[in-house]
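Subject: Structure handover

Hello,

Below is the structure I am passing on to you. My notes on what was found in it follow.

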Amino acid sequence: MKFISIFFLVFLVSGVVISPVHAGNSISLDAPPASLAKWYKPANKRQVWLHTMFKLRREMQAIAEYAEQHDRPGMEKWIARLEKNYNKIAEMVPEWEKEIKPRLLPELKMFAEKGDTARVKKTLEMIQRTCDDCHSDYQPLVTAMYRSPHYDDIKVKDAKGVAHSIEDNMEELSRSVNRILIALEDGHNAVALKASQSLATYLELLGESCNSCHKNDPHPRERILGKETQQRLESLQANIKKGKVKDSQKLMGEIGVSVCARCHNTHRIVYDLRNALLPNE
Ligand code: HEC
Ligand code: HEC
Ligand code: HEC
C-alpha cells in the first residue's frame with residue numbers, strides 16, 4: 001500500500017503519467033488540470049462538469065436512435081445540443097482543448113442533412129473515441145477528487161460536549177466490539193455488559209454525523225442505526241445480564257454485519273480508495 005501511495009504522490013506533484021505494474025496489468029492516471037475545480041463543489045454551487053457529461057451521453061444516444069429511425073429533424077435537434085455541450089469541454093477547461101475534435105460536429109450535421117445514416121454512425125463512433133480516451137486517462141481520479149465523501153472534517157460531540165473525529169469514534173467502536181467478544185469468551189460478564197453499553201453510546205454518537213452528508217434524509221440512518229439495531233443492542237444487554245453467552249455472541253455477529261459491514265461497504269471502501277489515490281490531501 002505504501003509503495004502505491006508514494007507512486008501516486010510523485011505523479012501528483014510532477015503531473016507525469018505513472019504506471020505501477022502488477023503482474024502484467026498496468027494502471028495509469030493523469031492529474032486533471034486545476035481549472036476543473038471551478039466546475040465542482042465547493043467552488044461551484046453545482047457539479048457543472050458532471051451534469052454536462054450526462055447531457056453529452058443523452059445527446060449521443062438521441063442522435064444514434066434518430067439515425068436508426070431516419071428521423072432527420074430529431075437528429076438535427078440533438079446534434080445542435082451536442083455541438084454546444086461538446087464545445088463546452090474546452091470552454092470550461094482550456095487545457096483540454098486538444099482532447100476534443102470540434103470539426104466532427106459540422107461533419108455530423110452534414111451527414112444528417114444528407115440522410116447518410118452510415119456516415120452519421122461512423123462519425124458518432126469517432127466522437128465517442130474522444131470521450132473514451134479522456135475517460136480512461138482522467139475519469140477515476142476526477143471522481144475521487146471531486147465527488148468522494150470526506151470524513152476528516154466531521155466531528156461528533158459526546159454527552160460531555162467533547163468533540164470526536166470519525167476516526168476516534170471508529171477506534172472506540174472497534175475496542176468495544178472486541179472487549180465484548182473477549183469478555184464473553186472468558187466469562188467476564190460485568191466487563192461485557194459495560195462494553196456493550198459503550199458500543200451503544202458510540203453508535204448513538206456516530207448517528208449524529210449522518211446529517212452532515214445525508215441532509216434532511218432520515219432513511220440512511222434508519223437503515224443502519226434504526227429500530228432493528230436498537231433492538232439488537234437491547235437484546236445483547238439482556239442476554240449478557242442473563243449470562244447467555246452463545247446468544248450474545250450470535251447477536252454480536254449480526255451487529256457486525258448489519259451495522260459495521262453494511263456501512264463500511266458504502267462509505268469506507270470509497271474513503272480508502274480516495275486516500276490511496278490522493279495520499280497528500
Ligand atoms: C458511518 C458508517 C459507519 C459505521 C456504522 C461503522 N463504520 Fe467504521 N468506518 C467508517 C468510515 C467512513 C471509516 C473510514 C474513516 C476513518 O477511518 O476516519 C471507518 C473506519 C473504521 C476503522 C478503521 C479506523 C482507522 O483507524 O483507520 C475501524 C477499525 C472501524 N471503522 C470499525 C467499525 C466497527 C467495529 C463498527 C461497528 C460497530 C463500525 N466501524 C461502524 C464508517 C462506519
Ligand atoms: C476532456 C475530457 C473528457 C471528454 C472529452 C469527455 N469526458 Fe466525460 N468525463 C470526463 C471526466 C473527468 C469525468 C468524471 C466526472 C466525475 O466523475 O465527476 C467524465 C464523466 C462522464 C460521465 C459520467 C459517468 C458516470 O456515470 O459517472 C459521462 C456519462 C460522460 N463523461 C460522457 C461523456 C461523453 C458522451 C463524452 C463525449 C461526447 C465525454 N464524456 C467526453 C472527462 C471527459
Ligand atoms: C462524509 C459524507 C457521509 C457521511 C458522514 C455519511 N454518509 Fe452515508 N453515504 C454517503 C454517500 C456519498 C453515499 C452514496 C450516495 C448516497 O446514497 O447518497 C452514502 C450512502 C449511504 C447509504 C446507502 C444508500 C441508502 O440511502 O440506503 C446508507 C444506508 C448510508 N449512507 C448510511 C449512513 C449512516 C447511517 C451515516 C451516519 C452514521 C452516514 N451514512 C454518514 C456519504 C456519507
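The site of the iron atom of ligand 2 is octahedral, with angles of 87 to 178 degrees among its 6 donor atoms. For comparison, the ideal angles for six octahedral donors are 90 or 180 degrees. Please keep in mind throughout that this is a predicted model.

The iron site

The protein donors of this iron atom are the SD atom of Met53 and the NE2 atom of His135, which lie 2.0 to 2.2 Å from the metal. Met53 belongs to helix H2 (residues 48-68) and His135 to helix H5 (residues 117-147), so the two donors tie together parts that are 82 residues apart in sequence. His135 has a relative accessible area of 31% and is therefore partly exposed, since that class lies between the 20% limit for buried and the 50% limit for exposed.

The rest of the surroundings of ligand 2

Ligand 2 sits in the second largest pocket. There are 20 residues around ligand 2, and those that come nearest are Tyr40, Met53, Cys131, Cys134 and His135. Helices H2 and H5 each supply at least two residues of this shell. H5 gives the largest share of the shell, 9 residues.

Several side chains have polar atoms close to ligand 2:

- His135, already named as an iron donor, has a side-chain N or O atom 2.8 Å from a nitrogen atom of ligand 2.
- Thr143 places a polar side-chain atom 2.6 Å from an oxygen atom of ligand 2.
- Arg147 has a side-chain N or O atom 2.7 Å from an oxygen atom of ligand 2.

Ligand 3

The largest pocket is where ligand 3 sits. Ligand 3 is surrounded by 15 residues, of which His150, Cys210, Cys213, His214 and His267 are the closest. Helix H8 (210-213) and helix H9 (219-225) each contribute at least two residues to the shell around ligand 3. The largest share of that shell comes from H9, with 5 residues.

Two histidines make polar contacts with ligand 3. In the side chain of His214, an N or O atom is 2.8 Å from a nitrogen atom of ligand 3. A polar side-chain atom of His267 also lies 2.8 Å from a nitrogen atom of ligand 3.

If you want a place to begin, look at Met53 and His135, the protein donors of the iron atom of ligand 2, and then turn to ligand 3 in the largest pocket.

Regards

Conventions
Residues are numbered from 1 along each chain as its sequence is written. Chains are lettered from A and ligands numbered from 1 in the order in which they are written. This is a predicted model: local features need pLDDT of at least 70, side-chain atom pairs count only at pLDDT 80 or more; totals for chains, interfaces and linings use all residues. Side-chain values use heavy atoms; hydrogens and water are left out. Donors are N, O and S atoms within 2.8 Å of the metal (3.2 Å for Na, K and Ca); water is not among the atoms, so sites may look incomplete. Four donors count as tetrahedral if all angles lie between 85 and 135 degrees; four count as square planar and six as octahedral if opposite donors are over 155 degrees apart and all others between 65 and 115; anything else is irregular. Helices (H or I, at least four residues) and strands (E, at least two) are DSSP runs, numbered from the N terminus. Buried means under 20% relative accessible area, exposed over 50%, partly exposed in between (1.4 Å probe, protein chains only). A residue is near a molecule or strand if one of its heavy atoms lies within 4 Å of it. A polar contact is a pair of N or O atoms within 3.5 Å; within protein, one must be able to donate a hydrogen and the other to accept it, and residues adjacent in sequence count only if both atoms are side-chain atoms. On a 1 Å grid over the protein atoms alone, a cavity is a set of points where a 1.4 Å probe fits but cannot get out, and a pocket is an open set with protein on both sides within 12 Å along at least five of seven lines; lining residues have an atom within 4 Å of a point. A molecule sits in a cavity or pocket if more than half of its atoms lie within 2 Å of its grid points.
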